[in-house]
Amino acid sequence: MTAFWTQPDFDAHEMVHFVHDRESGLTAIIAVHSSHLGPGAGGTRFWHYADPEAAVRDALRLSRGMSYKNAMAGLPLGGGKAVILADENRTKTPEMLAAFGAAIEGLGGQYVTAEDVGISEADMVAVSEKTQHVTGLPVRGDGLAGGDPGPFTAIGIAKGIEAAVRYRLGKDSMEGVHVALQGTGSVGGGVARLLAKAGARLTLADIDAAGAKALADELGAETVTADEIMTTPCDVFSPNALGAILDAQSIAKLDTRIVAGGANNQLARAEHGRALFERGILYAPDYVINAGGIMSVGTEYLARRDGRVGKVEEVHALLDQIPGRLEAIWRASEDIGESPDVVADRMAQGLIGRE
Ligand code: NAD
């Protein structure tokens, strides 16, 4: 590996902590990109990487992404991320999770963790036995922030889609607006329900075709195959499945005025934001529109840290800011002729003192 801090992904990370615990076999990386706004917060990924360098790159990229996301969510949290390097069999033991919790506790609150790919709520409960710097724990009552982030993410996306429809189509209502939605899982399913209630016309697709069909029947929507959804003529294309779906080929075939959905890292590469902009398709930067989940678990953590319980109303107050933030990005994008993803990154860099 070349000098660590000259790698492009390093991007002046404040801290990268390498953890190895011989007894449990835990190998992990904890990265904090920025603590300018507060402790570095972001989930833990449990993944089998081809090589350790890939794990370092993933931790660095994801941690920087969390700096931007938390800043744009209006949370007093910095950006961090952890990866646990799994073996080929993805063996995960209570001892590993305990050692991981102890490592987080040893950082004295510089890093706050939560669930990510490969880590369940039950895993987080196990980690929380060794450290208080955990969020996304099960909620024990109505009206509380935290717990499953999916429904909050969906609310934020639905609000963001309504804002995009107002901005690009000049419509104050979703009545009759055609939304083609890719992925009907936790987030996509929630978005579909909210938009159906608001009167949108929906076309749904999922590789789980039966799941998409069942939801479509419930909502009076149509379905197409997973291969057809990105070329379906619509007003809004809403990606809520995988990342890296927007590349030169797929963008050329889109038949929509707006792309707005919850999937992380939708642009295959940075230049694809420009490609959407040049085609006149309004893009809602993914980490701005899909921040509802972190708004909820972030509120849960910050309240607990202050010795109180986070309320769902606090999360809704943050969710209500998503439309205005998106509109500011779109307006600036038009004014300066840059794509919305570039504008959003610049705004986030400003918020974390890295202009
Ligand atoms: P999920 O696993 O519940 O749902 C994903 C759905 O996408 C599944 O139903 C799956 O079958 C479907 N899918 C996968 N590949 C597909 C394809 N090629 N075409 C159509 N459908 C496909 O996951 P989720 O929690 O709903 O997350 C969805 C996306 O949103 C992910 O990119 C995730 O990183 C992102 N995200 C989720 C949250 C959250 O709170 N859960 C927060 C921010 C971002």
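Aspartate 87 lies in the loop that runs between strand S5 (78-85) and helix H2 (94-106), and it is a convenient place to begin reading this structure, which is a predicted model. With a relative accessibility of 36%, aspartate 87 counts as partly exposed, because that value falls between the 20% under which a residue is called buried and the 50% over which it is called exposed. Its side chain reaches the backbone nitrogen of asparagine 89 at 3.0 Å, and the side chain of aspartate 87 also makes a polar contact, at 2.9 Å, with the side chain of threonine 91. Looking back along the chain, aspartate 87 is 14 residues from alanine 73 in sequence, while the C-alpha atoms of these two residues are 34 Å apart in space.

A second loop residue can be read in the same manner. Threonine 131 is found between helix H3 (121-127) and helix H4, and its relative accessible area of 4% makes it buried, since the limit for that class is 20%. The side chain of threonine 131 is joined to the side chain of glutamate 105 by a polar contact of 2.6 Å, and the threonine 131 side chain also reaches the backbone nitrogen of histidine 133, at 3.1 Å.

Helix H4 leads on to the ligand, for H4 (150-169) and helix H5 (186-197) each supply at least two residues of the shell around it. That shell consists of 19 residues, and the closest are Thr153, Val187, Asp206, Ala241 and Asn264. Sorted by class, the shell has 7 nonpolar, 10 polar and 2 charged residues. Backbone atoms of the protein also approach the ligand: a backbone N or O atom of valine 187 lies 2.8 Å from a ligand oxygen atom, and a backbone N or O atom of alanine 241 lies 2.7 Å from an oxygen atom of the ligand. For isoleucine 207, the backbone N or O atom lies 3.4 Å from a nitrogen atom of the ligand. On its own the ligand has 830 Å² of accessible area, of which the protein covers 69%.

Two residues deserve attention for their backbone angles. Most residues other than glycine have a negative phi. Aspartate 11, however, has a phi near 40°, a positive value in a residue that is not glycine; it lies in the segment before strand S1 (15-21), and at 28% relative accessibility aspartate 11 counts as partly exposed. Alanine 244 likewise has a positive phi, of about 55°, although it is not a glycine. Its place is the loop between strand S10 (236-239) and helix H7 (248-253), where alanine 244, at 44% relative accessibility, counts as partly exposed.

The last stop is helix H13, made up of the 12 residues 340-351, for which a rise of 1.5 Å a residue gives an expected span of 16 Å, and the end C-alpha atoms are indeed 16 Å apart, so the two values agree. Within H13, the residues Pro340, Asp341, Val343, Ala344 and Ala348 are buried. How are the buried residues placed when H13 is seen down its axis? They fall within an arc of 160°, and therefore line one face of the helix. The spacing along the sequence helps in following this, because an α-helix has 3.6 residues a turn, so that residues three or four places apart point the same way.

How values were computed. Residues numbered from 1 in each chain as written. Predicted model: local features only at pLDDT ≥ 70, side-chain atom pairs only at ≥ 80, totals over all residues. Heavy atoms only, no water. Near = heavy atom within 4 Å. Polar contact = N/O pair within 3.5 Å; in protein donor to acceptor, adjacent residues only side chain to side chain. Areas by Shrake-Rupley, 256 points an atom, 1.4 Å probe, with all protein chains shown as cover. Helix = DSSP H or I, 4+ residues; strand = E, 2+ residues; numbered from the N terminus. Nonpolar A, V, L, I, M, F, W, Y, C, P; charged D, E, K, R; others polar. Expected span 1.5 Å × (residues − 1). Buried < 20%, exposed > 50% of the residue type's maximum accessible area, 1.4 Å probe, protein only. Arc of directions from axis to C-beta.
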